[in-house]
Amino acid sequence: MNNTLVRENNGTAQRREGEKFITPVASVNETPDSYTLELEMPGVGRDGLEISVENHEISIVGRKNTNAPEGTLIHRESRPHSYRRSFEIDPSIDGAKISARVSQGVVTLT
């Protein structure tokens, strides 16, 4: 394989009015024929995941489920913000072959 993920970028994801983002923790692993990118995005489900590949850049946006629980919020330690992270990728990576899954708050791209 050629070079792994080259560098991190600021991203070009569509922002909603007043939306704030948190940069998720990420890990990148390389095998002889693929890369795996894992991002920690607690609270993000499959419906809240947005992945785009343009100009050798992969952008991942995760939006948390916004359903408010019943009752009055007394205490919250997690932030209600969305997640966003972008990476420049090697031109040899075929964006059409990228697959994603979400499990236990971890988004995995292969």
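Student: Before we look at this predicted model, what does "buried" mean for a residue?
Tutor: The word refers to relative accessible area, where exposed residues lie over 50% and partly exposed ones in between. Buried residues are those with a relative accessible area under 20%.

Student: With that cut-off in hand, how many of the residues of β7 are buried?
Tutor: Strand β7, which spans residues 82–88, has seven residues and is mostly covered. Counted by the cut-off of under 20% relative accessible area, the number of buried residues in β7 is six.

Student: Which strand pairs with β7 in the parallel sense, and which in the antiparallel sense?
Tutor: On the parallel side there are two bridges, made with residues 21–22, and phenylalanine 21 has serine 82 of β7 as its bridge partner. In the antiparallel sense there are six bridges, with glycine 62 set against tyrosine 83 of β7. The parallel partner is therefore strand β2, by the rule that at least two bridges make a pair, and the antiparallel partner is β6.

Student: Which elements give two or more residues to the largest nonpolar core?
Tutor: In soluble globular proteins, nonpolar side chains tend to be buried together. Here the largest nonpolar core has 12 residues, among them Ile58, Ile60, Tyr83 and Phe87. The elements that give it two or more residues are β4, β6, β7 and β9.

Student: Which strands stand at the edges of the open sheet that contains β4 and β9?
Tutor: Four strands form this sheet in the order β3-β4-β9-β8, with antiparallel pairing, and four bridges join β4 to β9. An edge strand here pairs on one side only, and the two that do so are β3 (26–30) and β8 (100–103).

Student: Is asparagine 55 buried or exposed?
Tutor: Asparagine 55 lies in the loop between β5 (44–54) and β6, and its phi is near 50°, a positive value in a residue other than glycine. Its relative accessibility is 72%, and because the cut-off for that class is over 50%, asparagine 55 counts as exposed.

Student: What is the relative accessible area of histidine 56?
Tutor: Histidine 56 is also placed in the loop between β5 and β6, and its phi, near 60°, is positive too. Histidine 56 is partly exposed, with a relative accessible area of 43%.

Student: How many charged residues are in the lining of the largest pocket?
Tutor: This pocket holds about 540 Å³ of space and is lined by 24 residues, including Lys64 and Arg76, which are among those nearest its centre. The lining divides into five nonpolar and 11 polar residues, and the number of charged ones is eight.

Terms used. Residues numbered from 1 in each chain as written. Predicted model: local features only at pLDDT ≥ 70, side-chain atom pairs only at ≥ 80, totals over all residues. Heavy atoms only, no water. Core = buried A, V, L, I, M, F, W, Y, C linked by side-chain atoms within 4.5 Å. Buried < 20%, exposed > 50% of the residue type's maximum accessible area, 1.4 Å probe, protein only. 1 Å grid on protein atoms, 1.4 Å probe; cavity = no way out; pocket = protein on both sides within 12 Å on 5 of 7 lines; lining within 4 Å. Points joined across faces, edges and corners; volume = space filled by probe spheres on them. Nonpolar A, V, L, I, M, F, W, Y, C, P; charged D, E, K, R; others polar.
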